Amino acid sequence: MAVCATCGRESPDDFGFCPGCGAALTAVPPREVRKVVTVLFCDLTGSTAIGERTDPEALRALMNRYYETARGVLERHGGTVEKFVGDAVMAVFGIPVSKEDDALRAVRSAVELRDVVQELGLDARIGVNTGPVVAGEGDTLVTGDAVNVAARLEQAAGAGEVLLGDETLALVRDAVETERVDLELKGKTAPVRAHRLRALDSAAAGVARRLGRRMVGRVREREKLRADFADVVAGRTCRLFTLIGPAGIGKSRLVADFLEQVDGTAHVAQGHALSYGEGITYWPLVELLVQLGIDPSEAIRSSPADTQLATRALLEQKADEAPLVLVVDDLQWAEPPMLDLVEHIVDWSRAAPIHLVCIARPELLDVRPSWAGGKLNATSILLEPLAASEVEALVDGLLGTVELDTPTRARIVATAEGNPLFLEEMTALARQAEGTVDVPPTIRALLQARLDSLDDGERAVIERGSVEGQLFHRGAVTALSPPTPALDVSERLVSLVRKELVRPDRTLIAGDDAFRFRHLLIRDTAYEGLPKAVRAKLHALFADWLEARAELVEQDELVGYHLERAAQYRKELDADDPSPARLAGRAARHLGQAGRGALEHGDLHAAQNLLRRALALAPDGDARRRLIPDLADALIDAREEVDEVDELLDELEHGDAHDRALATVLRLRHDPAAGEVEARLSRLDEAEVVLGDANDMLALVRCERARGWVYWSAARFGAAHLAYRRALELLRQADNRVLAREVVFDVWISSAFGGHTVAEGLRLFDELEPEAEAAGPLLATALRAFRSRLLYLAGELDDVALRAATDDEVRLLEETGAAATAIASSRYFLDRVVPWTEANPVAFEAGTRRWVDATASAAKHVYHANALGNWAVALCDLGEHERALTAVRAARKLADPNDVADQIVLDQAEAYALALAGETARAWAQLERARERVKAIEFTSPTDSPLHVEACILRELGDVDGARRLLQSLVEKSTQAGLLRVADRYRLDLAALGSSDRV
């Protein structure tokens with residue numbers, strides 16, 4: 001809308017005169033804004049010569065492709081194309097909206113534009129410059145000296161060259177390699193310093209921090225941390241203390257100060273989460289345990305849940321000797337199971353003085369928003385920048401006797417903005433330059449400048465250390481150092497320690513010395529200063545050294561990671577180089593082995609990550625297909641990524657007969673209820689022949705396990721049990737533990753519904769107990785709980801002992817996050833089976849209702865329909881048929897039509913309720929439907945059998961003799977099986993039936 005300058009009335013933009021007063025309307029210019037932007041100019045070289053030898057129509061088509069390509073590249077990187085003039089283009093980054101990486105995106109677009117123009121058969125010259133401009137608000141037209149300099153840089157560039165201005169380089173210098181050039185530019189009175197772009201590296205900036213200085217400020221935070229530790233010691237309890245803040249804000253320094261105070265009064269151990277190599281789940285835990293003198297293999301068990309339990313037990317035992325202070329740094333990079341482990345220790349440690357101190361950047365709250373939330377034994381502190389008085393005191397302490405002029409000191413203070421790291425690094429440079437240092441415009445430039453001040457030997461050592469990571473070993477640096485000129489690595493390391501760039505640390509490799517970068521960002525800066533070709537070479541050398549010299553808990557993950565990096569860099573540098581394929585193949589083997597190890601431990605998250613990376617690196621053919629079964633197992637057990645499983649199995653089917661057979665097995669394991677049962681079993685028989693001919697024992701284990709799942713889906717539990725037993729025997733012959741934990745569980749859970757006697761069940765538990773104990777406390781405790789239930793049903797254990805054993809299992813399940821399993825097994829037995837056995841219908845209904853409530857939230861899709869059906873039966877026992885029918889209708893909406901067990905429960909519950917309601921015909925029809933389903937299954941429930949429910953239905957329908965025959969048969973079967981308490985329950989029903997008025 002236009003605004004009249006005379007009367008102030010608004011008018012449409014296309015009005016020439018104000019409709020209110022008739023005054024002429026004039027356009028109001030947009031408000032001008034002043035801002036820093038990055039300007040890019042690109043021009044073609046030799047375009048006149050091209051025009052001379054090219055047909056006008058062809059030239060027009062070529063230029064149109066150039067314009068479209070240039071606009072697409074620039075706009076994709078966020079630039080605004082202001083104009084095309086002939087074959088020149090101008091773009092602005094930061095208009096209309098500025099972004100913090102405007103300069104970097106401009107340089108990226110320059111490199112891509114140069115390369116795609118060359119693909120068109122042309123050559124471009126490009127200039128990029130950053131500086132203040134003036135622009136109309138919302139307008140793309142910008143004016144200022146920064147624009148002129150960008151245009152002059154483009155004119156000075158040669159064919160295929162990109163020239164950067166000084167200010168642009170200051171903002172992107174960590175991402176590029178350049179060559180300085182001094183230019184005489186038109187309109188400039190003095191030479192202009194520019195930079196010819198040699199290579200682009202988009203790596204992030206880094207920040208460093210030294211911890212050995214006198215602590216300044218942080219009084220409140222220091223007191224809180226010490227008071228927290230005092231509470232741990234006094235109360236012999238576990239507490240979590242989390243320090244959160246950006247890089248360089250002083251988190252590590254604060255913890256170092258705290259550790260100095262507790263030195264000698266506690267066992268102290270420190271672990272660090274790694275920023276690279278996903279899948280190295282328990283690296284911080286390994287560091288902690290090694291420092292405490294504990295073998296990591298004692299803690300890292302067959303599943304994340306068992307690892308939690310084993311680790312907590314070991315730490316509590318260690319805490320009996322002296323209080324524990326466990327520091328985990330860079331927690332924001334920890335894998336989910338490691339975060340779960342920390343929270344498990346905090347939540348469940350009892351009577352053990354353990355102080356968990358976690359250091360993290362704010363990104364932790366992005367991946368775990370609820371961190372420490374709601375915990376009464378947890379404290380979190382966000383570290384803020386230092387106050388102005390503290391900044392001045394810190395600068396004085398850091399400078400010592402070095403005096404700075406007032407402007408330089410002011411620039412240091414202003415640029416640091418209360419960040420101790422920035423202050424420490426700037427003053428370190430000032431001391432080295434005796435007070436004449438200029439302040440770098442970014443902390444990244446500052447760190448690079450510090451590394452540039454090292455001599456060649458020091459630089460070579462620190463760069464090679466950076467290849468291993470934040471923690472590195474003297475032996476590795478020596479192995480990676482060039483043979484000429486010979487380096488005295490030990491002497492250079494002493495020098496780097498003296499310059500406070502690295503510090504000695506605890507070694508992870510026996511007989512070697514370890515060092516740690518003072519800050520991860522120092523390591524990053526040193527590493528990113530290496531050309532990619534050098535990085536590739538050093539990563540490969542380090543992998544060789546690690547294979548030959550070390551035996552670390554997660555060695556395959558580390559070796560695989562470094563080979564992976566080497567292959568990636570070499571491929572980026574030369575796509576035709578054959579060496580990346582060889583490195584990738586080695587990396588795939590190590591990562592695949594690491595993935596299998598994670599699968600064996602039940603760490604499905606790490607297994608998926610590692611196996612996916614291995615698959616991406618493995619060459620096409622057999623090497624890739626060998627990885628697919630393990631990854632498919634991890635995905636199937638995790639009940640996720642259905643489409644990915646299908647794609648993997650489709651690929652496996654493109655292999656030989658063995659691969660196709662294995663794909664059939666895994667597909668039926670993935671979807672055991674797909675199709676007619678006998679057809680599925682026939683397919684497995686065919687696959688088994690092929691796998692047997694190949695003598696692939698693990699594949700045969702998978703085949704039998706899939707067979708068990710097919711039988712289970714059809715409620716043929718006796719056959720399922722036999723299949724699982726065969727799988728276990730094959731697994732023992734193969735001496736392979738990849739699937740051991742799952743198969744052991746399959747064997748005993750199927751035995752409960754396979755018609756075994758009490759004696760057979762107890763013998764089975766005795767047989768499985770050693771394997772369950774080896775797998776970890778969770779499996780062993782569950783086995784003991786199952787045994788106690790069997791003994792209870794046999795009349796050999798009272799309900800007090802039963803509840804004690806069950807409580808142990810429930811506690812472990814809930815502690816390890818398996819609440820659904822606790823509901824399905826333990827609570828089910830206590831809430832339903834015990835009151836049913838005791839013939840207490842009121843308690844039976846109440847317990848079943850609790851099961852319904854629990855499954856509604858914790859395991860809705862797996863157990864809720866079944867729980868509703870059983871509740872309906874319990875309601876019928878109380879005569880409440882209307883509520884029972886309501887529950888059945890709700891369950892029908894949820895139940896899987898192919899789940900035979902659920903459908904039998906619902907058919908019988910509906911028949912029971914209809915019989916109570918007097919709808920005899922419908923009740924008989926529903927009962928017949930249930931009977932037909934029962935004929936197709938092999939199901940022997942140790943309690944409240946479908947035959948018992950049928951007896952109740954027959955009683956209500958008036959067929960007392962039929963009910964009596966069923967109950968008598970149940971008494972006989974239960975007695976023969978040794979289930980004496982169950983037999984007594986059926987006798988009570990028989991007695992009640994005999995004295996009923998209906999008889």
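Which residue has its charged end over the ring of Y527? Select R523 together with Y527, and you will find the charged end of R523 sitting over that ring, 4.5 Å from its centre. Keep in mind throughout the tour that this is a predicted model.

**Confidence**

Before going further, colour the chain by pLDDT: the mean for the protein is 82, and 84% of its residues reach 70 or more. Now select residues 26–32, where the pLDDT is below 50 and where the model has nine contacts beyond near neighbours in sequence. Residues 203–212 also have a pLDDT below 50, although this stretch has 51 contacts beyond near neighbours in sequence. Where pLDDT is low, the predicted coordinates should not be read in detail.

**Strand β18 and its partners**

Next, select strand β18, residues 514–517, and show its side chains. A514 and R516 point one way from the strand, while F515 and F517 point the other way, and all of them are buried. This fits a general pattern, for in a regular strand the side chains alternate between the two faces of the sheet.

Add strand β16, residues 471–473, which pairs with β18 in the antiparallel sense over three bridges. If you pick L471, you will see that this residue stands opposite R516 in β18. Then add strand β17, residues 502–505, which is joined to β18 by four bridges and also runs antiparallel to β18. Here R503 has R516 as its bridge partner in β18.

**Aromatic rings between the strands**

A search of the whole structure finds nine aromatic pairs. One of them is formed by F472 and F515, whose ring centres are 6.0 Å apart; their planes meet at 25°, under the 30 degrees that counts as stacked, so the pair is stacked. Because F472 lies in β16 and F515 in β18, the pair ties together parts that are 43 residues apart in sequence. Both F472 and F515 are buried. Add F517 to the selection as well, since ring pairs link F472, F515 and F517 into a cluster.

**Two helices and a charge**

Finally, move to Y792 and F829, an aromatic pair that is edge-to-face, with 6.2 Å from centre to centre and 80° between the planes. Y792 lies in helix α32 (residues 777–793) and F829 in helix α34 (residues 819–837), so this pair ties together parts that are 37 residues apart in sequence. Y792 is buried, and F829 is buried too. What sits over the ring of Y792? Select R981, and you will find its charged end there, 4.1 Å from the centre of the ring.

Methods. Residues numbered from 1 in each chain as written. Heavy atoms only, no water. Phe/Tyr/Trp six-rings, centres within 6.5 Å; stacked < 30°, edge-to-face > 60°. Buried < 20%, exposed > 50% of the residue type's maximum accessible area, 1.4 Å probe, protein only. Lys NZ or Arg CZ within 6 Å of the ring centre and 35° of its normal. Pairing = 2+ DSSP bridges. pLDDT = per-residue confidence, 0-100. Contact = heavy atoms within 4.5 Å.
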